[in-house]
Amino acid sequence: MSSLLCIFLLFAVFISHGGAATEAPVEAVKDINGKPLQTRFYYYILPVVRGRGGGLTMSKPENKTCPRSVIQDRFEVSQGLPVSFSPYDKSRIVRVSTDQNIKFSPTSIWELANFDEATSQNFISTCGVEGNPGQTTVDNWFKIDKFDNDYKIRFCPTVCNFCKVICRDVGVFVQDGKRRLALSDVPLKVMFKRA
């Protein structure tokens, strides 16, 4: 009788875990030294392909408030401004394909700006809000995905189950000599260097 009870309990545990072993943890994003990115540190986002500009930074403000665009510095030797990451699940490690807020500072959080009709582009600005995953903040979440042996940044938030979102890579759109980050079919291949 007790062995039958043990078999029943094991079967119940197997079914409650979806009939399979628990999922492996999602792979950590790694910096240029092979160390996992951590939320307590700042990092430079640098292009892998050299010769077209430096690290990521912000444009000069056109007025005292938003929007400030996320741009690639035009000087290849520039590392840009350091960023930090805040995963939606409050993990201390930044993981591949996980929704994150990306921020230059507590008041300069990346956000998908409204569609720009003049250029037919969706640019990335720094007017976002940190945290509170859901419908009202869906434009503030980005993912870091593997791209060959490096990484790319992608806008494809999954923090809102019923929101309709576009899913596209983040690339560079050149406008008046500025290399502005925008949604693109050609992703910017990036790497991360601890600041």
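The exercises below, each with a worked solution, concern a predicted model.

**Exercise 1. Strand pairing around S11**

Determine which strands pair with S11, in which sense, and over how many bridges.

Solution. Begin with strand S10, residues 150-155, which pairs with strand S11, residues 168-175, in the antiparallel sense over two bridges. Within this pairing, Phe155 is the residue that stands opposite Arg168 in S11. Next take strand S12, residues 178-184, whose pairing with S11 is also antiparallel and runs over seven bridges. Here Asp169 has Ser184 in S12 as its bridge partner. Finally, look at the hairpin of S11 and S12, where two residues lie between the strands and where Asp176 takes a positive phi near 50°.

**Exercise 2. The open sheet**

Give the strand order of the open sheet of three strands, and state which strands form its edges.

Solution. The order is S4-S5-S6, and the pairing is antiparallel. The edge strands are S4 (84-87) and S6 (108-109), since each of them pairs on one side only. For the register between S4 and S5, note that four bridges join these antiparallel strands, and that the bridge partner of Ser84 in S5 is Lys103.

**Exercise 3. Positive phi outside glycine**

Locate Lys90 and Ser120, give the phi value of each, and classify each as buried, partly exposed or exposed.

Solution. Lys90 is found in the loop between S4 and S5, and its phi is near 60°, a positive value in a residue other than glycine. With a relative accessible area of 74%, Lys90 is exposed, because the class begins over 50%. Ser120 lies in the loop between strand S7 (111-112) and strand S8 (124-125), and its phi, likewise positive in a residue other than glycine, is near 60°. The relative accessibility of Ser120 is 48%, so this residue counts as partly exposed.

**Exercise 4. The disulfides**

Find how many disulfides the whole structure contains, and describe the geometry and surroundings of each.

Solution. A search of the whole structure returns two disulfides. One is formed by Cys156 and Cys167, with their sulfur atoms 1.9 Å apart, and with 60° about the S-S bond this link is right-handed. Both Cys156 and Cys167 are placed in the loop between S10 and S11, 11 residues apart. As for accessibility, Cys156 counts as buried at 16%, whereas Cys167, at 36%, counts as partly exposed.

The other disulfide joins Cys160 and Cys163, whose sulfur atoms are 2.0 Å apart. The torsion about its S-S bond is about 70°, so the link of Cys160 and Cys163 is right-handed. Cys160 and Cys163 are both buried.

**Exercise 5. The nonpolar cores**

State which residues of the largest nonpolar core touch the most other members, and which elements give two or more residues to this core.

Solution. The largest nonpolar core has 28 residues, of which Ile45, Phe85, Trp110, Ile124 and Phe192 touch the most other members. The elements that give two or more residues to this core are S1 (43-47), S2 (56-58), S5 (100-105), S10, S12 and S13 (190-194). The largest share, three residues, comes from S10. Another core, of five residues, lies apart from this one, and among its members are Val138, Val159, Cys160 and Cys163. Cys160 and Cys163 thus belong to this other core and also form a disulfide with each other. As general background, nonpolar side chains in soluble globular proteins tend to be buried together.

**Exercise 6. The surroundings of Ser125**

Decide whether Ser125 is buried or exposed, then list what its side chain and its contacts reach.

Solution. Ser125 is found in strand S8. Its relative accessibility is 4%, and Ser125 therefore counts as buried, the cut-off for that class being under 20%. A polar atom of the Ser125 side chain lies 3.5 Å from the backbone nitrogen of Cys127. If residues up to four places away in sequence are not counted, Ser125 touches Pro67, Arg68, Ser69, Val70, Ile109, Trp110, Glu111 and Ala113. Among these contacts, Trp110 appears again in the largest nonpolar core, as one of the residues that touch the most other members.

Technical notes. Residues numbered from 1 in each chain as written. Predicted model: local features only at pLDDT ≥ 70, side-chain atom pairs only at ≥ 80, totals over all residues. Heavy atoms only, no water. Pairing = 2+ DSSP bridges. Core = buried A, V, L, I, M, F, W, Y, C linked by side-chain atoms within 4.5 Å. Buried < 20%, exposed > 50% of the residue type's maximum accessible area, 1.4 Å probe, protein only. Disulfide = S-S within 2.5 Å. Polar contact = N/O pair within 3.5 Å; in protein donor to acceptor, adjacent residues only side chain to side chain. Contact = heavy atoms within 4.5 Å.
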